[in-house]
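Q: Could you take me through one part of this model up close, and then show me what else is worth a look? Here it is.

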Amino acid sequence: MPGIIQMYNKKPLLKPVFAFFFYIYIVIPVFSFGGQDAGADKTYLNNEWVYAVTALDVSELPVSRQIIGGILNRSLTEALGDVEYRIRSNDEIRYYQDYAWSKTLGDAAKALAAKRNDRDLLLFRGDAQWKYSKNLAVMDSDIKKLEDNFYNAKTTAPDIAGKPLVKIQDTSTWPQPPEEGGEYNFCVNQKIDAFLAGKVTDYYGRIYLTLKLYTLYSRSYSWEDSILFSSEDMDSAVSEISGRLAAVLSGVEPAALVVRVNPDDAMIVIDDKWAGRGEAPLREYTPGQTVVSTFADNYYPVTYPVLLQSGVVTDLSLSLTPFGLSSFTVETPDNPDSSVFLGSLFLGKTPLQLDIPRDQYSYISVETTAGETGSAVYRNGLAVRGNAEFINAGSSLAIKTSVPVSPEEKRVATARNNFYSAYGRFWVTLPVTLLAINIAGNYINAYPRQNPQTSAMYNSALTSSYVQIGAYVLLGLSAAEIIYRIVRYLGTSGTNADPIAQFKNTLPENEQ
């Protein structure tokens, strides 16, 4: 025991123990508190961006069509509901910062002036000297704090949220837009940062929609766009213009795209929408992936994906690759001066020089002045189908013509062929079934019904009876089919037939 007590009383042991507890309970908490992120509690002002959708102006529409305004209001409101955040520009941040700075500085100045006025009034309250001195010291301390606040407000700009949350005002109703000149007061009274206004007019039976966005920070209409569409295309039109408006609301700078294509007559389609021929002029698009497609006769089509970047103009140039063409002359040896068609397109009269793609199927047809027709399917220098052949070392395609069969003739021919087929099957079925019936009858008659003998004979007789019944049924069906086919043939051949003789009354009406 004395040894243990002596060990704990030694100074070399007490110093490390004391230092350990001092470090754990005092040093670490102090440094941990001082090492926290100074910006963790930093608050940003104006962290919401509120806008309103006003009622569209439909005054120039007929009364029966003014309901379109409400439909478009509802569709635009629903389409814009996906915008969550807005990226503020420097000008917008500076506007809200100046506004908040002026308000903060004004509030600090008012509080300081009021406190100084209260200090001056202490002299006239008639308090005792000790109480006056005490209140004066408190007032001086408060004034010193307010002076510090005023100085901080004067020298420190407030922090404005650069990415506020976007909110839309109550969507149950759409307020009427303000009169010209009252836009700023409208935003202030409604406590909103922007509002959307628009007008709907009729343009030769189609709908012409114009939209514009007024922003508080710019004190003007900072965006305007329009679109022309029919009633059937309303959904796609709303989707298109709301997409452009959503980019404006989110603060993302639009992308721009211009497309040039060789040859000059090539058709250009951007995101399944017609954009022009040969060149699509510079237009704004929503940043992101877009698809450019271009087509031209006798050229391979091209589909090209493009990634559009915000605030960047993309200049796209495309050159289409021509098909390998084959040149030959279409002829109708027996009937010159016949009309030539490529698909359903009339090209001219025979003999006619054609230049068409080699590696694609092309349907070439001819029609004579007498109504005869002929056709051929061409690919890779060959007439792969049709009544045609290449002659003169492959430089001429000769197409034979014939009188086309009318639909009525095809129906009569089909009915006649069906009757002949049924007639032939009947004369094959008749002897086979009669032979089967006679043989089965012999087996049935050989079985002694009064004095049955063996089970084998019974089974043979039973099977023969089934065969006999089946033969009768097959014979009946064959006879029924031939009767149906002959009736069908006679009815089809008599439909739309010219009468053999027709009575015509030539007597005057008074003698009839």
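Which side chain does the side chain of Gln169 make a polar contact with, and at what distance?

A: It's the side chain of Gln190, at 3.1 Å. (A polar contact is a pair of N or O atoms within 3.5 Å, one able to donate a hydrogen and the other to accept it; residues adjacent in sequence count only if both atoms are side-chain atoms.) Bear in mind that this is a predicted model, where local features need pLDDT of at least 70 and side-chain atom pairs pLDDT 80 or more, while totals for chains, interfaces and linings use all residues. Numbering runs from 1 along each chain as its sequence is written, and side-chain values use heavy atoms, without hydrogens or water.

As for where Gln169 lives, look in the loop between strand 2 (165-168) and helix 6 (183-190). (Helices, H or I with at least four residues, and strands, E with at least two, are DSSP runs numbered from the N terminus.) Leaving out residues up to four places away in sequence, Gln169 touches Val50, Tyr51, Ala52, Pro175, Gln190 and Ile192, a contact being heavy atoms within 4.5 Å.

Step back to the whole chain: nine helices and 21 strands make up its secondary structure. Among contacts between residues at least 6 apart in sequence, 58% join residues at least 24 apart. Of the 512 residues, 30% count as buried (under 20% relative accessible area with a 1.4 Å probe, protein chains only; exposed is over 50%, partly exposed in between).

Now for the aromatics. The count of aromatic pairs is 17, with ring centres within 6.5 Å (six-membered ring for Trp) and planes under 30 degrees apart called stacked, over 60 edge-to-face and the rest tilted. One of them is Phe419 with Tyr489, which is stacked at 6.1 Å centre to centre with 10° between the planes. That pair links distant parts of the chain, with Phe419 in helix 8 (residues 407-446) and Tyr489 in helix 9 (residues 455-494), 70 residues apart. Phe419 and Tyr489 are both buried. Phe426 and Trp427, meanwhile, go edge-to-face, at 5.5 Å between centres and 75° between planes. Phe426 counts as buried because its relative accessibility is 16%, whereas Trp427, at 47%, is partly exposed. These four belong to one aromatic cluster that also takes in Tyr420 and Tyr423.

Some rings have a charge over them too (NZ of Lys or CZ of Arg within 6 Å of the ring centre and within 35 degrees of the ring normal). Arg86 puts its charged end over the ring of Trp49, 4.3 Å from the centre, and Arg219 does likewise over Tyr184, at 4.0 Å.

Last stop, the sheets, where strands pair if DSSP finds at least two bridges between them. One open sheet has four antiparallel strands in the order 8-7-10-11. Strand 8 (273-277) and strand 11 (302-308) each have a single partner strand, so one side of each has no neighbour in the sheet. Strand 7 (residues 267-270) is joined to strand 8 by four bridges, and Val269 has Trp274 as its bridge partner in strand 8. Another open sheet, of three strands, runs 9-6-12 with mixed pairing. Here strand 6 (residues 255-262) lies parallel to strand 12 with seven bridges between them, and Arg260 stands opposite Ser317 in strand 12.
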